[in-house]
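Here is a structure to read closely. Each question below asks for the reasoning behind a label.

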Amino acid sequence: MSQQPLTIALSKGRILDDTLPLFEEAGIVPAEDIKKSRKLIFDTNHDHIKLVVIRATDVPTYVEYGAADMGVAGKDVLMEASASGQTNSLYEPLDLNIATCRLMTAALKGAKQPEGRIKVASKFVSLTKRYFAEQGRQADIIKLYGGMELAPIMGLADLIVDIVDTGNTLKANGLEERDLIAPISSRLVVGKAAMKMKHQQIQPIIEKLSAAVDRRR
Ligand code: AMP
């Protein structure tokens, strides 16, 4: 019996490096070397499964709109997509336990925080806004697209909200970790329509990936 086609959106970059070996352990292997190709869409060893490789921040959008049936994205990106209202119907059936890191606030080493309103720089504006609102702290959020560590040094912001892995980037720029907002790892996400219409194909993939994640523990 031929199976309905299924598209899985993968986040390129650091997450992809961890995703491909895990997918291989779950029996899903691209037909060619994704990292050596400039293509964005790839066949796999399963006739009905295709992989698309896109920017991490675009994965929730593709899955939300059903252009891709499933995806792999960092919890940071998923939190931001949800907080901004960009997504509201994604299922998150599995923590893949890859690309683990932490979403933190950070400030110049030893710097005292102002009493009243603070300025916070981040690329995650919506989740940052939500976090400070939950903390009951007045904050002006400043959107940056990269190099967040520079903002406190230049006096643009009192705090930053960013991803921290080893902490080396913060340290190299004279910053220190302050508060943990959330531990981060990459998650498998499934769109609402796909979960309903393609459940029979999606369920075995979730199970195989889940088993691969368990074997690594
Ligand atoms: P580190 O110096 O090891 O703390 O790494 C910090 C930088 O690497 C951050 O500015 C992040 O942009 C990036 N980074 C580290 N881990 C991840 C991850 N799992 N996902 C996305 N970006 C990451």
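Q: Which residues surround the ligand?
A: This is a predicted model. In it, the ligand is surrounded by Arg14, Ala99, Cys101, Glu149, Asp162, Ile163, Val164, Asp165, Thr166, Gly167, Asn168 and Thr169. A residue counts as near the ligand if one of its heavy atoms lies within 4 Å of it.

Q: What makes the link between alanine 99 and the ligand a polar contact?
A: The cut-off for a pair of N or O atoms is 3.5 Å. A backbone N or O atom of alanine 99 lies 2.9 Å from a nitrogen atom of the ligand. That value is within the limit, so the pair is a polar contact.

Q: How do you know that aspartate 162 makes a polar contact with the ligand?
A: A polar side-chain atom of aspartate 162 lies 3.4 Å from an oxygen atom of the ligand. The limit is 3.5 Å, so this pair counts too.

Q: What makes threonine 169 a polar partner of the ligand?
A: An N or O atom in the side chain of threonine 169 is 2.5 Å from an oxygen atom of the ligand. This is within 3.5 Å, so the pair is a polar contact.

Q: How much of the ligand's accessible area does the protein cover?
A: On its own, the ligand has 490 Å² of accessible area. The protein covers 79% of that.

Q: Which pocket does the ligand take up?
A: The space taken by the ligand is the largest pocket.

Q: Which helix and which strand each supply at least two residues of the shell around the ligand?
A: They are strand E9, residues 159-164, and helix H6, residues 168-172. The largest share comes from E9, with 3 residues.

Q: What is the make-up of the ligand shell by class?
A: It has 4 nonpolar, 4 polar and 4 charged residues. Gly counts as polar in this scheme.

Q: How many helices and strands does the whole chain have?
A: The chain has 8 helices and 11 strands. Its C-alpha trace spans about 65 × 35 × 30 Å along the principal axes. Of its 217 residues, 45% count as buried.

Q: Why is alanine 99 called buried?
A: Buried means under 20% relative accessible area. Alanine 99 has 16%, so alanine 99 is buried. This residue is found in the loop between E5 and E6. Alanine 99 also has a positive phi of about 50°, although it is not a glycine.

Q: Why is asparagine 97 called partly exposed?
A: Partly exposed covers the range between under 20% and over 50%. Asparagine 97 has 39% relative accessibility, so asparagine 97 falls in between. Its place is in the loop between strand E5 (91-95) and strand E6 (101-108). Asparagine 97 has a positive phi of about 55°, although it is not a glycine.

Q: Why does serine 2 count as exposed?
A: Exposed means over 50%. Serine 2 has 69% relative accessibility, so serine 2 counts as exposed. Its place is in the segment before strand E1 (6-11). Serine 2 and aspartate 47 are 45 residues apart in sequence, and their C-alpha atoms are 9.0 Å apart in space.

Q: Why is glutamate 207 called partly exposed?
A: Exposed requires over 50%. Glutamate 207 has 49% relative accessibility, so glutamate 207 counts as partly exposed. This residue is found in helix H8, residues 199-216. Its C-alpha atom is separated by 39 Å from that of alanine 121, 86 residues apart along the chain.

Q: Why is lysine 119 called partly exposed?
A: Lysine 119 has 35% relative accessibility. Buried needs under 20% and exposed over 50%, so lysine 119 is partly exposed. Its place is in strand E7, residues 118-122. Lysine 119 and isoleucine 41 are 78 residues apart in sequence and 41 Å apart in space, C-alpha to C-alpha.

Q: Why does isoleucine 153 count as partly exposed?
A: Isoleucine 153 has 41% relative accessibility. That is not over 50% and not under 20%, so isoleucine 153 counts as partly exposed. Its place is in helix H5, residues 150-153.

Q: Which residues of helix H3 are buried?
A: In H3, residues 75-83, the buried ones are Asp76, Val77, Leu78, Glu80 and Ala81. H3 is followed by glycine 85, whose phi is positive, near 85°.

Notes:
Residues numbered from 1 in each chain as written. Predicted model: local features only at pLDDT ≥ 70, side-chain atom pairs only at ≥ 80, totals over all residues. Heavy atoms only, no water. Polar contact = N/O pair within 3.5 Å; in protein donor to acceptor, adjacent residues only side chain to side chain. Areas by Shrake-Rupley, 256 points an atom, 1.4 Å probe, with all protein chains shown as cover. 1 Å grid on protein atoms, 1.4 Å probe; cavity = no way out; pocket = protein on both sides within 12 Å on 5 of 7 lines; lining within 4 Å. Sits in = over half its atoms within 2 Å of the grid points. Helix = DSSP H or I, 4+ residues; strand = E, 2+ residues; numbered from the N terminus. Buried < 20%, exposed > 50% of the residue type's maximum accessible area, 1.4 Å probe, protein only.
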